[in-house]
Amino acid sequence: MKHLYLLVFSLLGLGTAAAQPGLDYYWVGTASNGIQGSGDWTDINAWRIGSLTGTIPTQVPISNNNVYFMAGAFPTTLLGTTPVSITISNSVNCDTFYWDPAVPTLPQKIVFQTTTPGSAGPANINLDVYGNFNLPDSS
């Protein structure tokens, strides 16, 4: 019986060690639509750990990871009418959500979108923020 408890606690420890808690994730996008800064939230290649030039993570952000959308990830100008698109194809979450006030205001805008729009908007897809939600002042 003692060995069974040891096995159970060892397996529980492995499960929690696999998560990447308390990391800072920086959005870089994958230019999925040909526009710098565009990409899918659930694509690990759209994120970097620690800075815009950090390493690619092994998983997407989770509820105790901070996410940063910094100006360096986005173009300063856009040609044409295609916006920068950040796609949320599944429910996602993070601790703190930070939007850099230096992100340029583009005429075509930066849009968050889902790939499964419902009749009255997104269907069962959430962006849950468990910490602070920081957007720049509009003044």
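In what order do the strands of the open sheet of 3 strands sit, and is their pairing parallel or antiparallel? Keep that in mind while you look through the views of this predicted model; the sheet gets its own close-ups below.

**View 1. Here is the whole chain, before we zoom in.**
The protein chain has 1 helix and 12 strands. Reading from the N terminus, you meet the helix and then the strands, in the run α-β-β-β-β-β-β-β-β-β-β-β-β. Of its 139 residues, 30% count as buried. The chain exposes about 8100 Å², and carbon and sulfur atoms supply 58% of that. Now think about contacts between residues at least 6 apart in sequence: 71% of them join residues at least 24 apart.

**View 2. This one answers the opening question: the order is 2-5-8, and the pairing is parallel.**
Strand 2 (39-40) and strand 8 (110-113) stand at the edges of this open sheet. Each of these two has a single partner strand, so one side of each is left without a neighbour in the sheet. As a bit of background, strands of a sheet pair through backbone hydrogen bonds, either parallel or antiparallel.

**View 3. Zoom in on strand 5 and its two partners.**
Strand 5 covers residues 84-87, and 2 bridges join it to strand 2, running parallel. You can pick out the partners by name: Gly-39 has Ile-86 as its bridge partner, and Asp-40 stands opposite Thr-87. Over on strand 8, strand 5 pairs in the parallel sense again, over 4 bridges. Ile-86 turns up here too, standing opposite Phe-112 in strand 8.

**View 4. Which way do the residues of strand 5 point, and are they buried or exposed?**
Val-84 and Ile-86 point one way, while Ser-85 and Thr-87 point the other way. All of them are buried; for that label, a residue needs to be under 20% relative accessible area.

**View 5. Next comes an open sheet of 5 strands, in the order 3-1-4-7-12.**
The pairing in this sheet is mixed. Strand 3 and strand 12 stand at the edges. Each has a single partner strand, so one side of each is left without a neighbour in the sheet.

**View 6. Strand 1 shows how the pairing gets mixed.**
With strand 3 (residues 47-49), strand 1 makes 3 bridges and runs antiparallel. Look for two tryptophans here: the bridge partner of Trp-27 is Trp-47 in strand 3. With strand 4 (residues 66-69), strand 1 (residues 24-27) pairs in the parallel sense over 3 bridges. On that side, Tyr-25 has Val-67 as its bridge partner, and Tyr-26 stands opposite Tyr-68.

**View 7. Strand 4 is covered on both faces.**
Asn-66 and Tyr-68 lie on one side, Val-67 and Phe-69 lie on the other, and all are buried. Strand 4 also pairs with strand 7 (residues 97-99), in the parallel sense and over 3 bridges. Val-67 has Phe-97 as its bridge partner in strand 7, and Tyr-68 has Tyr-98. So what does Tyr-68 stand next to in the sheet as a whole? In strand 1 look for Tyr-26 opposite Tyr-68, and in strand 7 look for Tyr-98 as its bridge partner.

**View 8. Phe-133 sits in strand 12 (residues 133-134).**
Is Phe-133 buried, exposed or partly exposed? At 46% relative accessibility, it counts as partly exposed, because that label runs between 20% and 50%. Phe-133 and Trp-99 are 34 residues apart in sequence, yet 8.4 Å apart in space, C-alpha to C-alpha.

**View 9. To finish, take a look at the largest pocket and what lines it.**
About 180 Å³ of space lies in this pocket. Among the residues lining it are Trp-99, Asp-100, Pro-101, Val-103 and Pro-104. The lining also includes Thr-105, Leu-106, Lys-109, Ile-110 and Pro-136. Sorted by type, the lining divides into 7 nonpolar, 1 polar and 2 charged residues. Two of these names link back to the strands: Trp-99 belongs to strand 7 (residues 97-99), and Ile-110 belongs to strand 8 (110-113).

Definitions and conventions
Residues numbered from 1 in each chain as written. Predicted model: local features only at pLDDT ≥ 70, side-chain atom pairs only at ≥ 80, totals over all residues. Heavy atoms only, no water. Pairing = 2+ DSSP bridges. 1 Å grid on protein atoms, 1.4 Å probe; cavity = no way out; pocket = protein on both sides within 12 Å on 5 of 7 lines; lining within 4 Å. Points joined across faces, edges and corners; volume = space filled by probe spheres on them. Nonpolar A, V, L, I, M, F, W, Y, C, P; charged D, E, K, R; others polar. Buried < 20%, exposed > 50% of the residue type's maximum accessible area, 1.4 Å probe, protein only. Contact = heavy atoms within 4.5 Å. Areas by Shrake-Rupley, 256 points an atom, 1.4 Å probe, with all protein chains shown as cover.
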